[in-house]
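Biologist: I would like to go through this one slowly, asking how each label was earned. Could you set the values beside the cut-offs for me?

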Amino acid sequence: MGLKPLLSLIVFLPLIAAVALAAVPRVGDTVARRTWVAVAAVDLGLIAVVWARYDTPPPGELAFAERAAWIPGVNSSYHVGVDGFSLPLVAMTAVIFLACAVYALRERHRPRAHAALLLFLQSVSLGLFVAADLILFFVFFDLSIVGMYFVIAGWGHGNRAHSALKFFLYTFLGSLALLVGFIGLYVAATPHTFDMAQLAATPPLQGRPVAGGLVLAAILLGLAVKTPTVPFHTWLPPAHTDAPAVGSAVLAGVLLKMGTYGFVRIAMPMLPQAWRAWAWVIIVVGVVSVLYGALVALAQSNVKRMIAYTSVNHMGYIVLAVGVAGLVAADTAQARGVAVAGAVTQMVSHGLITGALFLLAGVLRDRAGTYDMRDFGGLAAPAPAFAVLFAVGAFASLGLPAFSGFIAEFQIFTGSVAAAPVTAVAVLGILISAALFLRALQRVFTGDTTGRSIGFADLRARELWSVGPLLLLSLLIGVLPRPLLDVVEPAAHAVIGLLGR
Amino acid sequence: MSQLAQAALWSLVALPAVAGTLLATNRRAERAAAPVSLAVAAASVVLSVVVAVSRPTVAVPFMAGVDFALTVDGLAALLAPMLAVVTLLVLTAAAGEIRRSQARFHGLMLLFAASAALTVTAATLPTLLFAWEIMGAASYALIGFWWRDAERVSGGLTAFVTTRSADLGLYVAAGAALAGGAGLTLADLPHSSPGWRHVTAAGILAAALGKAAQLPFSFWLSRAMAGPSPVSALLHSAAMVAMGGYLLLRVQPLLAATGWAAPAAMWVGGLTALLLGAVAVAQRDVKQLLAASTAAQLGFVVMAAGAGTVAGGAAQLVAHAATKALLFLAAGAWLTALGTTQLIGLRGVVGRWRIVGWSATAGALALAGIAPLSLWATKDAVLARVLEQSPGLYAIGLAASALSAAYAGKLLVVIWGRGPRRGDGDQAEAGRVTGLQQAPLVILAVGAAYAGLLALPPVGAVLARAVGQPGGFHASAVELAVSAVLALAVLLLVANRRVPEPRWALRWLGLEAAVRVLVVRPTLRCAEALARFDDHFLDRGVELVSAGALRLAGRTGRIDDQWLDGTVERLAAGARRLGQLARRPQTGQLHQYYLQAVVVLVAAVVVLVVWG
């Protein structure tokens, strides 16, 4: 029982550090940057302890659960805990933030505020993934938007004010839809509650297709904007293009997962009937996102915009898999469980790989001031290490085996095709991804060294040590997926059971 | 013993994989690269023999309820040592040929070989797909090895994207196998439910045809020639292309179980052997000629899988591996020495580098199907089974055999032809062929000559039993004699007459151009159209909505100012005016007050009278 407040410690440690950095004016820049790295590392260490001691909790319960009264008037409490869905995302979040902290060791623009803001974002992100209460979830959801707004507006470049405002307004509007859905759940539940465990155990709105559909629509709209899926994705490319490298890595790696995590944590277990009724709509949105995202990415010449659209494509696989999970039939339960396990693996995998790619894209701008592929050529000659890491990231992102993306996509495709053969059309996504990444590699790195490639300095230690571990972790999951899947699979099969109600 | 054997099986894949990864990513390993790589390759040969003898199986849990499993059955026991030996020989030759970026080269080659070894031993679909796609990626990196040359990188891109488009079949096949209920173990696939079994077979067939460069995927092999010669030697003989044929042999029971997949494979293989044979005849570059011949020769393996003779297909694979590795290494040696692979530049090379020349001659004669060399016997082992099922296809196969004699003859005529006269100075200028490049050729030449034993009675019977098809060879003496005479006749004909070089065949049947026009360009155009739609419609839509919201806010503000506030202001002004009017009568003069009282009274009376 000595471990009771461990999750709270993990969540609020970065926040405490952030407040300290912001409040103590004498802290030097170097100290601030190093503090950030240290706190992120300690937080990751604590999560490793949680992972080591984690046992799959009984269905409907959470491991390391903590509960305290918060707003008793509306039955909302401070309730946190982890299970097979949240633990991998919590770990991935801590890894991404640590990588960002290392990457930002040379941040020159207001490093103290930068570190404090990112630490605040880390607390918010971790809090969201461990939250077991809708109000708590919502608070963290909105705070993440606020935090990212300041990261883009304060440390971005280009048309950053416009992009940041667009990001803020769009996702904030989405979060309002989400709040409407949450209130719908609260009102329909007897007794009224915002507690996720209770809402999942006795789902409200069963047998009320219209009300259930409307509440699901509100929640889906909110999550679809955040994920994002087509057609709600247009805030993503400008936000990424104008965000700093660290901001992009966090935005793609962590913040997008808040949307997809909402599907498996909230929408599926709490609205099983409505989810089943609307499964095909979700599948179609997923497949369209897969193909549309890949095709539009193929047409980009800006590296960051290209990676941003591949995120739409990758999130599409997740949406497809969770949609397929709703096609309830007795003989496909196994296949649908595989698809959901693949979806959660994809959340982790995409975080690691795309986080790495965005940090690498930041190097392009840092050295040459542009993301445009046409400005480069033959970059492998002056920057071989950069070329190797970017190529590894590209191949990981296009789903090459031995990297985590393959583990995710293989499960998503096999599960989806087995449950709904027509979804096989989505496999074209990995073909287009292959083409677009290889084209990008060819344009930027091969041929004669021209344009901005001339005099391009190769990776520095902090860049290598931030990107390298992310890709190494992706490799580790790709070769030895069991430690991750042993955690994910029980939760995936449990949610398939919940959907059958 | 069994634990040792299991360890050997894991190491067979892991050793080259780990060594390859370390070499490929470590730029300081330049000097150690070749020795390390040769040592690993030699160890792999030992390991492959160990597993071929002991036949172990290993498995660890992987994903989707399926194991990551490796097994060595009769087929794998034949091919794993073949792969290891060819890899060792090719790497030996490469150590003499590749001088720059050795660490990257040997690292990638070892990775390539490791993925091929995993393909050979894979027991489940996820394991197979795992190896399959890494093999494709390694081929991309090796074909585009000299990356400063954009054309070579683009060749790698074509190879990877083309083969991956076929690989999609394996993803779909895995889904179908999961739904089919018999599990994802390769050996169990024929037992899945009938409907799903068709999908599984179709997916695997597509993937295998892609890697084996069969029609309509063949063109990527032409572009793959941009890679260094040792890469071609391995890619064409034992890894990648050969693995496409191998996969079909491995899942032959599945193909047979569906009813349609086996004949389909047979016909695709036969047509590829015929048409790509014609393409090979038309080529003017030795590497392009050999590439087209690879697709054609693999056509016989694919036919074998369709016709149901696993042993015949396996023998053809082994014989072709030795022959083709030999010829590509010879082409590489000439390339380093002469700087060209154009046939016209290779006139009379036999006289200048005798060991290379004589070895290549042995290889070319085997490729021509001259008795008693290897491909003569193996090809007939396949064709004999085809004859039992379709005489028409047998005729196509014979025609393809004749074409292979023609293209091999074309090569022989050139290298034995009278070379240009040169002075002594020229002789000194010509490049050197190192001993490291020559030794493997001799060994491969022996293989190319004698591998045919695998398809002839005493050894053939053992092989057939090993792959689980006892009595698998049917070629009669008549059939063997017919093909031997045919090959010899065509060879003599070619020696005396010029071979026609039709344009359609020179350009590889226009396949790549067709794919560019029909698939690549529409896809790119669609991508650009969607990107424009995204920017100008979806994003603009969002911007318009927000601009609209601003405008609405502005208008509401104006309404607030002008209407609501204005109305209030007007009301107030009206009230003020009324007040001013009300002040008018109050003049303070009594007579005017009386007058007003009278007016009010009269008005009251009138009102009373009217309404009263």
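Biologist: Let's begin with a single residue: why does A:Trp36 count as buried?

Modeller: Happy to, and please keep in mind that this is a predicted model. A residue is called buried if 20 or more other C-beta atoms lie within 10 Å of its own. A:Trp36 has 30 C-beta neighbours inside 10 Å, so it counts as buried.

Biologist: Where does A:Trp36 sit, and which residues does it touch beyond those up to four places away in sequence?

Modeller: A:Trp36 belongs to helix H2 (residues 29-53) of chain A. Leaving out residues up to four places away in sequence, it touches A:Ala101, A:Ala115, A:Leu118 and A:Leu119. Contact here asks for C-beta atoms within 7 Å. As for A:Ala153, 117 residues further along the chain, 21 Å separate its C-alpha atom from that of A:Trp36.

Biologist: What makes chain A as compact as a globular protein of its length?

Modeller: Chain A holds 19 helices and two strands. Its radius of gyration is 21 Å, and the globule rule gives 23 Å for 501 residues; the two values are close, so chain A is as compact as a globular protein of that length. Its C-alpha atoms fill a box of roughly 65 × 55 × 40 Å along the principal axes, and 64% of its 501 residues count as buried.

Biologist: And why is chain B described as more spread out than a compact globule?

Modeller: Chain B has 24 helices and two strands. For 612 residues the globule rule gives 25 Å, but the radius of gyration of chain B is 39 Å, well over that value, so chain B is more spread out than a compact globule. The box filled by its C-alpha atoms is roughly 150 × 65 × 50 Å along the principal axes. Chain B is divided into domain 1 (262-422 + 430-506) and domain 2 (519-584), and the centres of these two domains, taken over C-alpha atoms, are 77 Å apart. Buried residues make up 56% of chain B.

Biologist: What makes strand S2 of chain B largely enclosed by the rest of the structure?

Modeller: Strand S2 (residues 66-71) of chain B has six residues, and five of them are buried, so it is largely enclosed by the rest of the structure.

Biologist: How do you know that S1(B) and S2(B) are paired, and which way do they run?

Modeller: Pairing takes at least two bridges between the strands. Six bridges join S1(B) to S2(B), and the strands run antiparallel. One of the partnerships is B:Val58 with B:Leu70 in S2(B). The two strands form a hairpin with two residues between them, and B:Ala64 in the turn has a positive phi of about 55 degrees.

Biologist: What does the strand pair in chain A look like by the bridge count?

Modeller: Strand S1 (residues 63-71) of chain A is joined to S2(A) by six bridges, again in an antiparallel arrangement. In S2(A), A:Val82 is the bridge partner of A:Ala63, while A:Ser77 stands opposite A:Ala69. Four residues lie between the strands of this hairpin, where A:Asn75 takes a positive phi near 55 degrees. Strand S2 (residues 76-82) of chain A is mostly covered, with six of its seven residues buried.

Biologist: Which residues touch the most other members of the largest nonpolar core?

Modeller: That core has 448 residues, and the ones touching the most other members are A:Val340, B:Ala80, B:Ala239, B:Ala314 and B:Ala325. Helix H14 (residues 333-368) of chain A gives the most to this core, with 19 residues. Take B:Ala239: beyond residues up to four places away in sequence, it touches B:Leu83, B:Phe112, B:Ala113, B:Ala116, B:Met135 and B:Leu234.

Biologist: How many residues of chain B are in contact with chain A, and which element gives the largest share?

Modeller: On chain B, 41 residues are in contact with 41 residues of chain A. Strand S1 (57-63), helix H5 (125-143), helix H6 (150-180) and helix H23 (511-583) of chain B each give two or more residues to that side. The largest share, 16 residues, comes from H6(B). By residue type, the side of chain B that touches chain A divides into 28 nonpolar, six polar and seven charged.

Methods:
Residues numbered from 1 in each chain as written. Chains lettered and ligands numbered in written order. Predicted model: local features only at pLDDT ≥ 70, side-chain atom pairs only at ≥ 80, totals over all residues. Contact = placed C-beta atoms within 7 Å. Nonpolar A, V, L, I, M, F, W, Y, C, P; charged D, E, K, R; others polar. Domains from an automatic or database assignment. Rg over C-alpha atoms; globule rule 2.2 N^0.38 Å. Buried ≥ 20, exposed ≤ 12 C-beta atoms within 10 Å, placed from the backbone. Core = buried A, V, L, I, M, F, W, Y, C linked by C-beta atoms within 7 Å.
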